[in-house]
Amino acid sequence: MTPLNKPQTHLAVLHGGELPPGSARLDDHPGLASVRYATADHLGEVLPGADALFVWDLFSEALEAAWPKADSLRWVHAATAGVDNLMFDGLVGSDVVVTNSRGVFDEPMAEYVLGLVIAFAKDLPATLGHQSRREWRHRETERVGGKHALVIGTGPIGRAIARRLRAVGMTVEGAGRTARPEDPDFGTVVEASLDTAAPGLAEALPRADYVVLAAPLTDATRDLAGAAFLARMRSGARLINVGRGQLVDEDALVRALHAGSIAGAALDVARTEPLPAASPLWDAPGALVSPHMSGDVVGWLDELVGLFTDNLDRFLGGSPLRNVVDKRRGYVSGP
């Protein structure tokens, strides 16, 4: 990337209710001529002349509507790992570079998934329910060691999940864009498609005690976990989604849970967030619902800003940026 004349570089920051921590440090950055902050409804007012945009409003789609105002934009950085909210035709077809926050969420999300697996195996939701009713109800629970997990999504988050699950004695299989017989974290990777011409996923689903969705949202993964997918799962298996809500057909999932065709589902994401109070997922049998928090740990906001400021220094200095997104695929390719 060609270095820019530092005093002439303008940064726009799209934020929601709160500014990023340490925003004063951005204001004082010696390489920036200005920093302009805006919420979604005012983004079009700060984009003209902006060379870079920091998307701090994590899942906002405001850039698409304001795109005609982006007359100087060269780089967009997202404070998220998923960038599906930014993959509209205008941006994808432009020369604007998109980077994401890959790496910040990997280990926290892997720990969260492990916690969900243990919660299911040890029946912790029922224990908490019995405690709230002052009931002393003894029962047997399941082992975690020896169970089989299928992790759909073989990027850094999926790999971190695989390593955590293997560490407690589970066997792990992966599903990704390309099948391969040997992988250091997954062992075997099958193609993440239910297409009969590539039957790897269809054959892998019945083997799994836990199916973990950690894939980015793309045209290929949208509604992946639909009725046909769920029908392939074992009746004692659980589904865990820490990817995007649109990976799952929620109506089909509710039907599967009520029918007992799968044993449970843990959803950290939903198609509509916050999940509406009227959603049947709240009280579906075997469902665990959490508010999109699997990667959010103490200090995560500072890590996100730290990654951005490192990339900002690279941008200003003309050095290669970290986490460049392949806009055709919608995620960072390669290691």
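Biologist: Two strands pair if DSSP finds at least two bridges between them, right? Which strands form the open sheet here, and in what order?

Modeller: Eight of them, going β8-β9-β7-β6-β10-β11-β12-β13, with mixed pairing. Helices (H or I, at least four residues) and strands (E, at least two) are DSSP runs, numbered from the N terminus. This is a predicted model, where local features need pLDDT of at least 70, side-chain atom pairs count only at pLDDT 80 or more, and totals for chains, interfaces and linings use all residues. Residues are numbered from 1 along each chain as its sequence is written, and side-chain values use heavy atoms, leaving out hydrogens and water.

Biologist: Which strands stand at the edges of that open sheet?

Modeller: β8 (180-183) and β13 (287-289) do. Each has a single partner strand, so one side of each is left without a neighbour in the sheet.

Biologist: What's the twist like?

Modeller: From one strand to the next, the twist averages 20°. Axes are lines fitted to C-alpha atoms (for helices, over the stretch in contact), with angles from 0 to 180 degrees between N-to-C directions.

Biologist: Back to β13. How does strand β12 pair with it?

Modeller: Strand β12, residues 264-267, pairs with β13 in the parallel sense, over three bridges. Look for alanine 266: the bridge partner it has in β13 is leucine 288.

Biologist: And how do β10 and β11 pair?

Modeller: In the parallel sense too, with four bridges. There, tyrosine 210 stands opposite arginine 238 in β11.

Biologist: Which helix lies across β11?

Modeller: That's α5, residues 106-121. Helix α5 also lies across β10 (210-213), β12 and β13, and runs at about 155° to β11 (238-241).

Biologist: Are the side chains of β11 buried or exposed?

Modeller: Both faces of β11 are covered. Arg238 and Ile240 are buried on one side, and Leu239 and Asn241 are buried on the other. Buried means under 20% relative accessible area, exposed over 50%, and partly exposed in between (1.4 Å probe, protein chains only).

Biologist: Why do the residues split between two sides like that?

Modeller: In a regular strand the side chains alternate between the two faces of the sheet.

Biologist: OK, new spot. Where is glycine 243?

Modeller: Glycine 243 sits in the loop between β11 and α10 (250-259). With a relative accessible area of 10%, glycine 243 is buried.

Biologist: What does glycine 243 contact, apart from neighbours within four places in sequence?

Modeller: Leu213, Ala214, Ala215 and Val269. Contact means heavy atoms within 4.5 Å. Then there's methionine 109, which is 134 residues from glycine 243 along the chain, while their C-alpha atoms are separated by 9.9 Å.

Biologist: Switching to strand β4. Which strand do four bridges join to β4?

Modeller: Strand β3, residues 52-55, and those two run parallel. Alanine 52 has tryptophan 75 as its bridge partner in β4. On top of that, three bridges join β4 to strand β5 (residues 97-99), again parallel. In β5, valine 97 is the bridge partner of tryptophan 75.

Biologist: Which β4 residues are buried on each side?

Modeller: Strand β4 covers residues 75-78. Trp75 and His77 are buried on one side, Val76 and Ala78 on the other, so both faces are covered.

Biologist: Last one: where does histidine 15 lie?

Modeller: In the loop between β1 (10-14) and α1 (23-27). Histidine 15 counts as buried, because its relative accessibility is 12%. Leaving aside neighbours within four places in sequence, histidine 15 is in contact with Tyr37, Ala38, Thr39, Ala40, Trp56 and Asp57.

Key: Pairing = 2+ DSSP bridges.
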